[in-house]
Structures are given as C-alpha cells and as structure tokens.
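Please look over the sequence and the fold before reading on. The text below is meant to be followed with the model open.

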Amino acid sequence: MKKRIALLLKNEQLLTELKSYTHVMLGSFVMSVAYVIFIIPHNIVPGGILGLSIVINQLTGMSIGLIALLINIPLLLWGTKVLGRKTGIKTAFSMVLVSFYIDVFSQFSANKIFVEDVLLSSVFGGVIVGFSVFMVMKAGATTGGNDILVRILATKIKLPYSKLILMVDGVVIFFGILVFEDFTMAAYSIAAIIAISKTIAYYIKQSTTHMTVFVFSKKNLRIQEAFLKHKDYTKTIFKLIHHDSQGKLILITKNTKQLEAIKAVVYKVDAKADISVLESNTESI
C-alpha cells in the first residue's frame with residue numbers, strides 16, 4: 001500500500017514538473033515572437049540582457065540570441081546559489097529556448113517591420129513580453145540574466161529590488177542611445193519597460209487574489225455539508241470555517257471565477273442567506 005501511494009505521489013510530481021516545463025516553453029516562445037515582431041525591428045531597447053544584446057548586435061553583427069546566451073551563461077553559473085538548483089535548471093532551459101527561438105524567427109522575418117507605429121509596437125510588444133515573463137515566473141523560473149544580475153546586486157547594494165532593476169535598465173538604455181544615436185528610441189524603450197512591468201504586476205496580482213466570502217445564515221451547517229459533498233468546490237475553497245454562535249460561515253476561495261458558483265450553492269440551501277465578499281492578496285506568486 002505504501003509503495004502504491006509513493007508511486008502515485010511520484011507520478012503526480014512528474015506531471016507537475018512536466019506542466020511547469022511546458023509553461024516555461026510556451027512563455028519563452030511567446031516572448032521570442034514578441035521581440036522579433038514588435039521590439040527588434042524598431043531597435044527598441046527594453047532594458048535587460050536582451051536589450052543589451054540588441055545594442056551589441058548593432059555594434060558587432062552577431063545574432064541577438066547568441067549574444068544573450070553568451071551573457072546569460074556566466075550570470076547563471078554565478079547566480080545558481082541565489083536561484084537554487086531547481087530554479088536554475090528551469091532558467092537555463094528558458095534562456096536556451098529564448099535565444100534559439102529569437103535567432104530562428106529572426107532568420108525568417110529578416111528584420112521586417114510588422115507594425116509601422118513605433119509607440120504601438122513598443123507598448124503592445126511590452127504587454128506580450130510582460131505576460132510571457134509572468135508565465136515563466138509562474139512555472140518557477142526566470143527569463144534570463146537581468147533578474148539574476150539584480151538579485152546578485154541586491155546582496156551587494158542596499159537598495160530596493162525595483163530600484164536596482166531601474167538602474168540596470170537605465171544603463172542599458174543609455175548604451176542604446178550612444179550606439180543608435182537616437183534619443184527618441186529611449187522614449188519608446190521606456191514605454192516598453194513600463195508596459196512589461198505593469199503587465200507582470202497585473203498578472204501577479206490576479207494570480208494571488210483570493211475572495212473571502214462571509215455567509216450569514218441559520219442553515220450554515222447544511223451549507224457547509226453541501227460544499228463538502230462536492231469535490232469541485234473543495235478544490236477551489238481552501239478554508240472553510242463555521243461559527244455557530246454568530247451564524248456565520250467564512251469561505252476563502254483561491255479562484256475568483258468560482259464566486260458565482262459558491263453563491264448558487266448557498267442560495268440553493270438558504271435563499272434568505274446574506275453574503276458579503278472581500279478581496280485579499282498574498283505576497284508570493
């Protein structure tokens with residue numbers, strides 16, 4: 001019996017890891033497409049290692065993906081202790097995929113401009129890049145050396161993480177201005193950086209939002225039994241507390257989409273029940 005349980009747990013862990021690596025692969029693919037279609041053709045430099053790679057590409061003619069990989073490898077080796085072995089492996093996987101995809105897609109696109117409006121291209125590209133970064137982060141990895149570099153700098157320089165990212169991105173944009181000799185490019189690059197950061201922040205908030213549902217009813221025990229009978233609800237409700245003295249039932253759901261379904265269950269048992277909802281967030285992804 002114990003061996004069977006251990007095997008089931010092992011299979012479940014394997015499926016979880018496969019799902020995680022699939023998300024890393026998809027996130028890396030989406031990011032690469034966004035760079036090739038929206039960012040690279042207009043010489044936008046949205047900070048980070050890829051932004052620096054775009055600048056070095058202009059100077060040397062080397063492929064952007066190869067440059068990014070050459071910069072990322074030593075940073076990853078340096079920052080493995082910061083990231084941890086598991087995150088480090090997934091990050092290396094993402095780095096290789098992004099570099100490979102960018103170089104392959106760039107060969108096919110031949111630096112063709114797909115969106116004429118540079119501002120639209122920088123904002124829209126930034127949103128897609130931000131979403132792809134969130135996908136990779138959600139899977140327990142990072143997208144490359146910029147995050148590693150900032151984490152390493154954070155151990156040496158006593159400044160907030162967000163300010164260190166701005167500093168690194170600012171240096172990369174400054175190099176971009178010198179190389180491309182275009183101050184307008186800096187404005188578009190800043191627009192892309194803002195779009196990336198805002199998109200990441202939005203999806204992180206969405207992923208950590210929980211709904212606390214207060215149910216006031218004389219039939220709370222029956223309502224509680226109704227939820228416990230359905231596994232579909234117990235999977236999305238991770239706290240269910242009953243208070244007899246106040247006639248109050250507290251439900252905390254980790255899936256905001258289940259809110260209407262929760263209300264339907266409550267009203268099915270007691271049509272006169274009062275329901276109040278509060279939104280809360282957690283810190284981690």
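What follows goes from the whole chain to its nonpolar cores, then to a pocket and a few single residues.

The model is a predicted one. The protein chain holds 11 helices and 4 strands. Of its 285 residues, 40% are buried. Taking the contacts between residues at least 6 apart in sequence, 71% join residues at least 24 apart.

Begin with the interior. The largest nonpolar core has 31 residues, and those with the most contacts inside it are M31, Y35, L50, I54, I102 and V129. Seven helices each supply at least two residues of this core: α1 (2–39), α2 (48–60), α3 (64–83), α4 (85–109), α5 (118–138), α7 (161–180) and α8 (183–207). A second core lies apart from this one; it has 12 residues, among them I223, I262, V266 and V269.

V129 gives a view of how the larger core is joined. Leaving out residues up to four places away in sequence, V129 touches M31, A34, Y35 and I196. Two of these partners, M31 and Y35, are listed with V129 among the residues with the most contacts inside the core.

Next comes the second largest pocket. Which residues lie nearest its centre? They are I40, N57, I64, S106 and N111, out of 15 that line the pocket. The volume of this pocket is about 230 Å³. Two elements, α2 and α4, give two or more residues to the lining. The largest share comes from α4, with 4 residues. Sorted by class, the lining has 6 nonpolar, 8 polar and 1 charged residues.

I64 is a useful residue to follow from here. It is found in helix α3 and is one of the residues nearest the centre of the pocket. Is I64 buried or exposed? Its relative accessible area is 9%, so I64 counts as buried, the limit being under 20%. Apart from neighbours within four places in sequence, I64 is in contact with I40, S53, I54, N57, I102 and D103. Among these partners, I40 and N57 are also named as nearest the pocket centre, while I54 and I102 are listed among the residues with the most contacts inside the largest core. I64 and S106 are 42 residues apart in sequence, and their C-alpha atoms are 9.0 Å apart in space.

One partner of I64, S53, can be taken a step further. S53 is placed in helix α2. Its relative accessibility is 0%, and S53 therefore counts as buried. Setting aside neighbours within four places in sequence, S53 is in contact with I64, I67, A68 and I71.

Now turn to α4, where S109 and F108 can be compared. S109 lies in this helix, and so does F108. What sets their exposure apart is the relative accessible area: S109 is buried at 12%, whereas F108 is exposed at 71%. The side chain of S109 reaches the backbone oxygen of S106 at 3.4 Å; S106 is one of the residues nearest the centre of the second largest pocket. Beyond residues up to four places away in sequence, S109 touches V36 and F114. V36 also serves as a reference point for F108: the two are 72 residues apart along the chain, and their C-alpha atoms are separated by 9.8 Å.

Two loop residues remain, each with a positive phi. N43 lies in the loop between α1 and α2. It is not a glycine, yet its phi is positive, at about 55°. With a relative accessible area of 29%, N43 is partly exposed, because this value falls between the 20% and 50% limits. E181 is found in the loop between α7 and α8. Its phi is near 50°, again a positive value in a residue other than glycine. How accessible is E181, and what class does that give? E181 has a relative accessible area of 72%, so this residue is exposed.

Definitions and conventions
Residues numbered from 1 in each chain as written. Predicted model: local features only at pLDDT ≥ 70, side-chain atom pairs only at ≥ 80, totals over all residues. Heavy atoms only, no water. Core = buried A, V, L, I, M, F, W, Y, C linked by side-chain atoms within 4.5 Å. Buried < 20%, exposed > 50% of the residue type's maximum accessible area, 1.4 Å probe, protein only. Contact = heavy atoms within 4.5 Å. 1 Å grid on protein atoms, 1.4 Å probe; cavity = no way out; pocket = protein on both sides within 12 Å on 5 of 7 lines; lining within 4 Å. Points joined across faces, edges and corners; volume = space filled by probe spheres on them. Nonpolar A, V, L, I, M, F, W, Y, C, P; charged D, E, K, R; others polar. Polar contact = N/O pair within 3.5 Å; in protein donor to acceptor, adjacent residues only side chain to side chain.
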